[in-house]
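Welcome! Let us take a friendly walk through one protein structure, beginning with its sheet and ending with its cores.

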Amino acid sequence: MTTRKTPATALAIAAVLGASLTVAPAPVLAQQSKPLGGLFSCEGSGKKQEGGALIGAAAGALLGSKLAKNEQTLGALVGAAAGAAAGAYIGCRMQSTDAALAEQATKKALETGVSQTWSNSRTGNSGRINVVSSSYGPPIDGRTIRYAQGVQSLQSLAATPGAYTAASTVNLRAGPSTKTAVVGKLAAGETFDAIGQAPTGGWVLVGRSGFGVGYAAASLVRPTGQMAASCRVIDAAVSGGGQATSTQRYSACRDNRGEWQLTQA
């Protein structure tokens, strides 16, 4: 997360602000959760914006007297009061058209698992939502898995969509590393059941006849089905105003209604 001065639009998608005029400590911020739609709306009354806001660490440095000196730079800020920043949603810190485009791109990235970009020719601002990783359920207990002879067992694995297809000929490794022995192969176009993914990421445990028969590099296989992800990690980047790009990582999980809830990672 950048600590240098950035335009209001860049600050808007970098961290989560507390629900009052006082900024909450960083550990608290990391635990706060906001629905996707709420992050892009603007709610407030009088001198106080309720809820949280997406800003970067640089915004914290601008609070108090520093903010008052930079009000023109932060032109889009709504609800500032006598030298202290009110908590504001992203919609209060960005042009409404920027916020709408950013929200649309974020929602599509979360729903599809495919990274998205947005840009606004009217304001000159743009952004990208990179999907870093996805999970499809609670961890799998490695003790319940049967492994073929010579294949390394793991204590736990991350859940996967299920069916995968090999993009090309793929080596199956004894463990989740290229330093381990080759114990088999997948043919190009071959479909298989993925038992789970190694917790370190990058390796999928291939299943055959109820056994884990080897690990395939995740970059060489792809999910076949459309199983909905329960959680994703995304990197949200915004640039504009001739300033360097500001990026922040978020964890997003579905609640019991299927709505995405985001927390700063």
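Strands here are DSSP runs of at least two E residues, numbered from the N terminus. With that in hand, Ser246 can be placed in strand β15. Keep in mind that the model is predicted.

**The sheet**

Strands of a sheet pair through backbone hydrogen bonds, either parallel or antiparallel. In this model, six strands build an open sheet, ordered β1-β16-β15-β14-β3-β2, with antiparallel pairing. β1 and β2 are at the edges with a single partner strand each, so one side of each lacks a neighbour in the sheet. β3 and β14 are joined in the antiparallel sense by nine bridges; Ser135 has Cys231 in β14 as its bridge partner.

Here are some of the strands with their residues:

| Strand | Residues |
|---|---|
| β1 | 34-35 |
| β2 | 116-120 |
| β3 | 125-135 |
| β14 | 231-240 |
| β15 | 243-254 |
| β16 | 260-264 |

Helix α7 (residues 96-112) lies across β2, β3, β14, β15 and β16, and runs at about 170° to β2.

**Inside the protein**

Is Ser246 buried or exposed? Its relative accessible area is 1%, and under 20% counts as buried, so Ser246 is buried. Its C-alpha atom is 9.3 Å from that of Gly127, although the two residues are 119 residues apart along the chain.

The largest nonpolar core has 16 residues, and those touching the most other members are Leu36, Leu110, Ile129, Ile234, Trp260 and Leu262. α7, β3, β14, β15 and β16 each give two or more residues to this core, with the largest share, four residues, coming from α7. A second, separate core has twelve residues, including Tyr164 and Val206.

Methods
Residues numbered from 1 in each chain as written. Predicted model: local features only at pLDDT ≥ 70, side-chain atom pairs only at ≥ 80, totals over all residues. Heavy atoms only, no water. Pairing = 2+ DSSP bridges. Contact = heavy atoms within 4.5 Å. Axes fitted to C-alpha atoms, helices over the stretch in contact; angles between N-to-C directions. Buried < 20%, exposed > 50% of the residue type's maximum accessible area, 1.4 Å probe, protein only. Core = buried A, V, L, I, M, F, W, Y, C linked by side-chain atoms within 4.5 Å.
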